[in-house]
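Hi everyone, thanks for coming. Let me put the structure up on the screen, and then we can walk through it together.

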Amino acid sequence: MPPGLILAAFLHLATSSAHPIGQPCLYSVLQSASLQVNCSSSGLVELPPLPSNTTELHVQDNRLTSVSPGLFDGLVGLKKVSLSGNPFHCDCRIQYLRSWLLKNRAAVSKQPTCASPSPVAQKAITELTDEYFSSCGLPSCTGGTYSAAMGAMLCCVLALLLWSLRLAKSSTFTLYINDRHVGLGADSLRSLKPKHRRRLHTTLSGVSADLTSFSCTQELERPVISVELLPQVLDTLHKKHKIKIKAT
């Protein structure tokens with residue numbers, strides 16, 4: 001018996017039990033150890049695993065509704081495919097077959113068409129646009145739905161940040177001071193800078209003669225604000241910095 005027939009018989013026996021529903025496919029060895037797989041009119045609802053040296057595949061006139069993702073990826077020598085006559089359901093699961101058909105137009109003898117759903121019935125699978133699959137999410141979270149959700153969340157975060165900055169600029173701070181704070185020092189309204197500081201030594205003496213004198217260091221920038229200048233300072237703080245100071 002020729003070696004080619006032995007190889008074909010072995011492949012037939014090895015894969016005949018793997019067919020889901022329908023008659024077994026026929027395997028024919030061609031030149032250069034290439035293989036022709038004929039599964040046409042076999043009543044298949046799902047394609048079986050195919051040998052890696054398959055160069056021709058005939059699966060027309062079956063009951064296929066989709067093709068498992070990655071089924072054709074290992075068939076690098078596939079040069080002729082017949083997929084017409086199958087009731088393909090063109091939902092999100094047909095994306096793999098559409099992508100493969102677009103990349104291998106020359107290998108397809110007749111473009112398969114959609115049988116359902118009704119809006120795309122009798123339409124070639126390769127004619128389906130990317131917008132048609134825009135609602136299909138991918139397990140790897142790179143689909144259109146995931147991208148749209150992430151974009152919406154990013155826009156919300158940016159809007160919240162802009163709103164916070166705008167609120168901070170338009171906010172008004174109100175400070176309440178008592179009568180005992182009339183002698184308000186200028187160093188409490190402005191930040192002290194090292195070059196403006198000077199030391200003032202004050203010696204405090206105790207009431208009792210037994211208390212020991214001591215000295216302390218106090219940093220001041222300007223003398224105490226007089227009562228006459230206080231309204232002008234309050235008005236400047238309110239107009240430029242939106243800070244209101246009310247006496248209580």
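Before we look at any pairing, a word on terms: two strands pair if DSSP finds at least two bridges between them. The helices (H or I, at least four residues) and strands (E, at least two) are DSSP runs, numbered from the N terminus. Now, this is a predicted model, in which local features need pLDDT of at least 70 and side-chain atom pairs count only at pLDDT 80 or more, while totals for chains, interfaces and linings use all residues. Residues are numbered from 1 along each chain as its sequence is written, and side-chain values use heavy atoms, with hydrogens and water left out.

First, the overview. The protein chain holds four helices and 10 strands, and along the sequence they follow the pattern α-β-β-β-β-β-α-β-α-β-β-β-α-β. Of its 248 residues, 25% are buried; here buried means under 20% relative accessible area, exposed means over 50%, and partly exposed is in between, with a 1.4 Å probe and protein chains only. As for contacts, meaning heavy atoms within 4.5 Å, residues 24 or more positions apart account for 45% of those with a separation of 6 or more.

Let's go to the sheet. Four strands make an open sheet, in the order E1-E2-E3-E4, with mixed pairing. Which strands stand at the edges? They are E1 (26-29) and E4 (80-82), and each has a single partner strand, so one side of each is left without a neighbour in the sheet. From one strand to the next, the twist averages 20 degrees; for angles like this, axes are lines fitted to C-alpha atoms, for helices over the stretch in contact, and the angles run from 0 to 180 degrees between N-to-C directions.

Now strand by strand. E1 and E2 are antiparallel and share four bridges, with Ser28 standing opposite Gln36 in E2. These two strands form a hairpin with five residues between them, and Ser32 in the turn has a positive phi of about 60 degrees. Ser32 is exposed, at a relative accessible area of 77%. The C-alpha atoms of Ser32 and Asn53 are 9.9 Å apart, with their positions 21 residues apart along the chain.

Moving on, E2 (residues 35-38) runs parallel to E3 (residues 54-58), and four bridges join them. Leu35 stands opposite Thr54 in E3, and Val37 stands opposite Leu57. How do the side chains of E2 alternate? Leu35 and Val37 point to one face and are buried, while Gln36 and Asn38 point to the other and are not. That fits a general point: in a regular strand the side chains alternate between the two faces of the sheet.

E3 itself is mostly covered, with four of its five residues buried. On to E4, which runs parallel to E3 and is joined to it by three bridges. Leu57 turns up again here, as its bridge partner in E4 is Val81.

Next, helix H2, residues 95-103. Its buried residues include Tyr96, Leu97, Arg98, Trp100 and Leu101. What covers them includes E4 and strand E5 (88-89).

A few backbone details in the loops, too. Asp61, in the loop between E3 and E4, has a positive phi near 60 degrees without being a glycine. Asp61 is partly exposed, with a relative accessible area of 44%. Two more sit in the loop between E6 and H3, namely Gln122 and Pro117, where E6 spans 114-116 and H3 spans 144-170. Gln122 is another non-glycine residue with a positive phi, about 65 degrees, and at 65% relative accessibility Gln122 counts as exposed. Pro117 is joined to Ser116 by a cis peptide bond, with omega about -5 degrees.

Last stop, the second largest pocket, with a volume of about 190 Å³. It is lined by 13 residues, and Ser66, Val67, Ser68, Pro69 and Arg93 lie nearest its centre. By class, the lining has seven nonpolar, four polar and two charged residues. For the terms here, a pocket is found on a 1 Å grid over the protein atoms alone, as an open set of points where a 1.4 Å probe fits, with protein on both sides within 12 Å along at least five of seven lines; lining residues have an atom within 4 Å of a point. Grid points are joined across faces, edges and corners, and the volume is the space filled by probe spheres set on the points. Ala, Val, Leu, Ile, Met, Phe, Trp, Tyr, Cys and Pro count as nonpolar, Asp, Glu, Lys and Arg as charged, and the others, Gly among them, as polar.

Thanks for listening, everyone.
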